[in-house]
Structure formats: structure tokens, C-alpha cells
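I opened the structure today and kept notes as I went. The entries follow in the order I looked things up.

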Amino acid sequence: MEVLRPQLVRIDGRNYRKNPIQEQTYQHEEEDEDFYQGSMEATDEPCDAYEMEQTPQGFRSIVKAPSLLYKHIVGKRGDTKKKIEMETKTSISIPKPGQDGEIVITGQHRNGVISARTRIEVLLDTFRRKQPFTHFLAFFLNEVEIQEGFLRFQEEVLEKCSMDHGVDSSIFQNPKKLHLTIGMLVLLSEEELQQTCEMLQQCKEDFINDISGGKPLEVEIAGIEYMNDDPGMVDVLYAKVHMKDGSNRLQELVDRVLERFQASGLIVKEWNSVKLHATVMNTLFRKDPNAEGRYNLYTADGKYIFKERESFDGRNVLKLFENFYFGSLKLNSIHISQRFTVDNFGNYASCGHIDFS
């Protein structure tokens, strides 16, 4: 990270500088007990950003967070918690491992409690970003016409391009899992899942009904594109989606959903617009049929996984199938889908959804 251009973390509408984190590993100790080594100074410590309760002993503030992240506030041997308490002259109470509850900060001075709260929020945001995605917002493409179109595409590609380097049946998507992703989520508790369901419902009431007119959006899945720059070394090939009426309503809808979830912090802001696509070929499937593209990069404890993959020569595929027609369907629901989990029909398991009609 460049010192003059530090990464910023947005919490409760305010920006904070995120200083470097150095994680040390000690022998014979649990490797998931991360210790925050760097300075935890915030560039701007707000006076009114957090709810603060005045008590006979001073001040008190409560932080709600998933229990999975408590260990990062405690740190190795409790060092992170002790460091914050010492530097802010506060006392921090954290539920025991495996127990749900709230982080309670108390101190004699208001500014000290605010400072401790800010540092804890920055830590929570930092380590939340290291968690693997657990869910995603998506449209399912599990209509018979689309699945049959996909199988026809697979059959013709293997018939005409199987001699091209890296092209074989193992890199094709499971037709039951075809979908359009709107955004990836990290949901670490039932409360966060419920919050996501409520926010999706609020989107429906605030703008989805107006954009969709209370009716399904009729779309066509046609044409293919690839993710990287070299058509001779492709890792992901995807099908494109278009509104049948030629309008931009689908793009407007998903962009506004993304914007709403980014503003809430449930989706980390990486892009200003959704690139809607349906993955049809992915080289990660070659060794792992359950892989999920670029979103399959972290273990449960947030450690990066290097996925070795053999690219395929997509030049003939792109030339012969540039305008391939997979079919049409009516998009009527946005689902909160759980990764690596399928229902009885082989589709991604849905933890909640909204319907347009």
C-alpha cells in the first residue's frame, strides 16, 4: 500500500484510513488467532457517528458483530484487545468463543470510547473483507429452454472444437446452475441473512416495482464473450443477456440493487455497474466441478487459495459460436443463493427471494 494513497474504509458514512496489518505466526498456537500489529489510529474520530450511552461511571457503546469475527478483536493471547484498551483507556467486553452477543465498550471519557469503537469497526471491516463469500444475489436461468440451448451449445462445441487445446467436456457449466450474478455477499449470521432479505424486499418496494412494472422481464440469452485479453488462452467464457424489447431496464434494475447493497456495506464496492453474464465454460471446473470462478479464492479462515488452471484456446469457439442463441425466458425473481449448496433439483439453494409479479 502506498503511504500517500492509503486504502480507505467507509463506516457509517465516514471515511477512515486503514493502516497496514502485519499478522505474525507463532509455533504451537492457533493460526486463526490473528494479532493486529499495526497502528490503529483513525484519521477522523467522529463525535456523533455512534450511539453513546452515558452511565454513572462514564460512557458506554455497543458494537454488533457476528461471533465469527470476535477472535480478530481479541487477537493472539488477547493482545489486540489489550492494546486498544490501553491506548484508549477503555474496557472492552467480548462474548466467549461460540457465544452470540454484543461487544461492549466502556470508559470514563467519551472520546476514548469513540476511539475504541472506531478501531474495532475498522478491524471488523478489515477481517470481514478476508472472509470467503457465502451467498450471492442472482437470477436463476433454470428454464428448460435455456438448459436445452446450453446442452446444444456444449454438444456442438465438442463436435467442432474438441481438437483445440484445452477444450473438453470437463470445463462446461452444470446446466442446472446457470445463473446471472448481481453481487457477492459475506453473511456471517442469521441476523445478517435476515437483514439481506429485508433489504431486497425494500428494493422491490422502492424501485424494482417501478422498473419492472410488476411484470417479469423478458430476456434473450444470446452471444458469447470471454473474460481475459487473449482469445487463445481463455479461462472463462460466458453467454450474454439482452432485454427482448431492447430497453435498458434490466441493467438499470441490477445497478440500483448493487448500489443499495453497497451503501449498506453488505456488498463491498468493486464496480459501479453489474456485468451481467452467464458462465458457460470455466477452466476451474476441469479439476473442481463445484468451483465458482473468481469467487472461489479463499478458505474458511480467509487465506488465499491459488487455483492452478489450464486455459483453453477459444478462437474457434468464438468464431463459430459468436452469436449462438441459447433461448429466451422471463426473469421474475431475484434470489439470495447460498454458495456450494444445492436444492433437491440440483439448483443453487435459495435462502430468500423476491418476485416481480
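**Entry 1: strand E7 and its partners**

How many bridges join E7 to strand E8? I noted first that this is a predicted model. I then found six bridges between E7 and E8 (residues 179–185), and the two strands run antiparallel. I looked up one pair at this border: His135 stands opposite Leu185 in E8.

Next I checked E7 against strand E13 (residues 333–342). These two also pair in the antiparallel sense, over four bridges. I wrote down two pairs here. Ala138 faces His335 in E13. Phe136 stands opposite Ser337, again in E13.

**Entry 2: burial of E7**

Is E7 buried or exposed? I went through residues 135–140 and found six of the six buried, so the strand is largely enclosed by the rest of the structure. The cut-off I applied for buried is under 20% relative accessible area. I then split the strand by face. On one side sit His135, Leu137 and Phe139. On the other sit Phe136, Ala138 and Phe140. Both faces are covered.

**Entry 3: from E13 to E14**

I followed E13 onward to strand E14 (residues 348–355). The pair is antiparallel, with five bridges. Ser337 has Ser350 as its bridge partner in E14. I had already met Ser337 opposite Phe136 of E7. Further along, Val342 has Tyr348 as its partner in E14.

I also looked at the turn. The hairpin of E13 and E14 has five residues between the strands. Gly346 in this hairpin takes a positive phi near 90°.

**Entry 4: positive phi outside glycine**

Which residue of E13 has a positive phi although it is not a glycine? I found Phe340, at about 60°. Phe340 belongs to strand E13. Its relative accessibility is 45%, so I logged Phe340 as partly exposed.

Arg77 went on the list too. Arg77 is not a glycine, yet its phi is positive, about 60°. I located Arg77 in the loop between helix H1 (70–74) and helix H2 (79–88). With a relative accessible area of 47%, Arg77 is partly exposed.

**Entry 5: the nonpolar cores**

Which residues have the most contacts inside the largest nonpolar core? I listed Phe139, Phe153, Leu250, Leu253, Phe261 and Ile334. The core holds 57 residues. Helix H5 (residues 190–212) gives the largest share of this core, seven residues. I found another core apart from it, with 19 residues. Ile105, Ala116, Leu124 and Leu188 are among them.

I then took Ile334 and set aside its neighbours within four places in sequence. Ile334 touches Ala138 and Phe139, which are both buried residues of E7. Its other contacts are Ile182, Leu200, Ile208, Leu253, Val257, Gly352, His353, Ile354 and Phe356.

**Entry 6: cavities**

I searched for enclosed empty space. Rolling a probe the size of a water molecule over the atoms shows where such space is left. How many cavities of 30 Å³ or more does the whole structure have? The search gave two.

I looked at the second largest. Its volume is about 40 Å³. The residues lining this cavity are Leu141, Ile146, Phe150, Leu178, Ile221, Ala239, Ala278, Val280 and Phe326. Helix H4 (144–161) and strand E11 (278–282) are the elements that give two or more residues to the lining. By class, I counted nine nonpolar residues, no polar and no charged ones.

**Entry 7: Lys330**

Last, I looked up Lys330, in strand E12 (residues 325–331). Is Lys330 buried or exposed? Its relative accessibility is 52%, so Lys330 counts as exposed. The cut-off for exposed is over 50%.

Which residues does Lys330 contact, leaving aside its neighbours within four places in sequence? I found Pro216, Leu217 and Glu218. Lys330 and Leu217 are 113 residues apart in sequence. In space, they are 5.4 Å apart, C-alpha to C-alpha.

How values were computed:
Residues are numbered from 1 along each chain as its sequence is written. This is a predicted model: local features need pLDDT of at least 70, side-chain atom pairs count only at pLDDT 80 or more; totals for chains, interfaces and linings use all residues. Side-chain values use heavy atoms; hydrogens and water are left out. Buried means under 20% relative accessible area, exposed over 50%, partly exposed in between (1.4 Å probe, protein chains only). Two strands pair if DSSP finds at least two bridges between them. A nonpolar core is a set of buried Ala, Val, Leu, Ile, Met, Phe, Trp, Tyr and Cys residues joined through side-chain atoms within 4.5 Å. Contact means heavy atoms within 4.5 Å. On a 1 Å grid over the protein atoms alone, a cavity is a set of points where a 1.4 Å probe fits but cannot get out, and a pocket is an open set with protein on both sides within 12 Å along at least five of seven lines; lining residues have an atom within 4 Å of a point. Grid points are joined across faces, edges and corners, and a volume is the space filled by probe spheres set on the points. Ala, Val, Leu, Ile, Met, Phe, Trp, Tyr, Cys and Pro count as nonpolar, Asp, Glu, Lys and Arg as charged, and the others, Gly among them, as polar.
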